[in-house]
Amino acid sequence: MIAKLSNGREIHAEMILASIGRSMNSGNLGLDIAGVATGKRGEITVDDRRETKMPGIYAVGDITGKMLLAPAASHQGLVAVENTFGGNETMDCTVVKHGTTPTF
């Protein structure tokens, strides 16, 4: 197979995997029973502190539907853990955009 890139370059390969779109896998988790709100696509809605509408319940990563990137999820996790232990941290998206290491 040959994949032609927009810059004219060709890539020769035995196989090509095309992955388009993502879907949330939050159904059948009982989120509604726990009082955790979800959006139209099934994403768990959180505030800047990564907390859901239910105090003490946090969500991070792709399931929140925000910045589907591993570095973003890592930082979201740090924010959520800090807040779980009484902190008042918020997600600073510039940390992910600039590739710096978050500090508390």
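**A core, a helix and some salt bridges**

Biologist: Which five residues make up the largest nonpolar core?

Modeller: A nonpolar core is a set of buried Ala, Val, Leu, Ile, Met, Phe, Trp, Tyr and Cys residues joined through side-chain atoms within 4.5 Å. Buried means under 20% relative accessible area, exposed means over 50%, and partly exposed lies in between (1.4 Å probe, protein chains only). In soluble globular proteins, nonpolar side chains tend to be buried together. Here the largest such core consists of Leu 31, Val 36, Ile 44, Val 46 and Ala 59.

Biologist: Where do these values come from, and how are residues numbered?

Modeller: The model is predicted, so local features need pLDDT of at least 70 and side-chain atom pairs count only at pLDDT 80 or more, while totals for chains, interfaces and linings use all residues. Side-chain values use heavy atoms, with hydrogens and water left out, and residues are numbered along each chain as its sequence is written, from 1.

Biologist: Which residues does Ile 44 contact, leaving aside its neighbours within four places in sequence?

Modeller: Contact means heavy atoms within 4.5 Å. Ile 44 belongs to the largest nonpolar core. Its contacts are Leu 31, Val 36, Ala 37, Thr 38, Thr 52, Ala 59, Ile 63 and Thr 64.

Biologist: How far apart are the end C-alpha atoms of helix α2?

Modeller: Helices (H or I, at least four residues) and strands (E, at least two) are DSSP runs, numbered from the N terminus. The expected span of a helix is 1.5 Å times one less than its number of residues. Helix α2 has 15 residues (70–84), so the expected span agrees with the distance in the model, 21 Å.

Biologist: Within what arc do the buried residues of α2 fall?

Modeller: The buried residues of α2 are Ala 72, His 75, Gln 76, Val 79, Ala 80 and Asn 83. Because they fall within a limited arc seen down the axis of α2, they line one face of the helix. On the other side, Ala 70 and Pro 71 are exposed. The arc, taken from the directions from the helix axis to the C-beta atoms, is 140°.

Biologist: Which backbone nitrogen lies 2.6 Å from a polar atom of the Gln 76 side chain?

Modeller: Gln 76 lies in helix α2 and counts as buried, at 1% relative accessibility. Not counting residues up to four places away in sequence, Gln 76 touches several residues, including Arg 50, Val 60 and Met 91. The backbone nitrogen in question belongs to Gly 61.

Biologist: Which residue forms a salt bridge with Arg 49?

Modeller: A salt bridge is a side-chain nitrogen of Lys or Arg within 4 Å of a carboxyl oxygen of Asp or Glu. The whole structure has three, among them one between Glu 10 and Lys 4 at 3.9 Å, N to O. In the bridge of Arg 49, both residues are buried. The closest N and O atoms there are 2.8 Å apart, and the partner is Glu 51.

Biologist: In the salt bridge of Arg 41 and Glu 43, what is the relative accessible area of Glu 43?

Modeller: The side chains of Arg 41 and Glu 43 meet at 3.9 Å, N to O. Arg 41 is exposed, with a relative accessible area of 52%. Glu 43 is buried, with a value of 13%.

Biologist: What is the phi of Asn 28?

Modeller: Asn 28 lies in the loop between β2 (10–12) and α1 (31–34). Asn 28 is exposed, with a relative accessible area of 85%. Its phi is positive, in a residue other than glycine, and is near 60°.

Notes:
A polar contact is a pair of N or O atoms within 3.5 Å; within protein, one must be able to donate a hydrogen and the other to accept it, and residues adjacent in sequence count only if both atoms are side-chain atoms.
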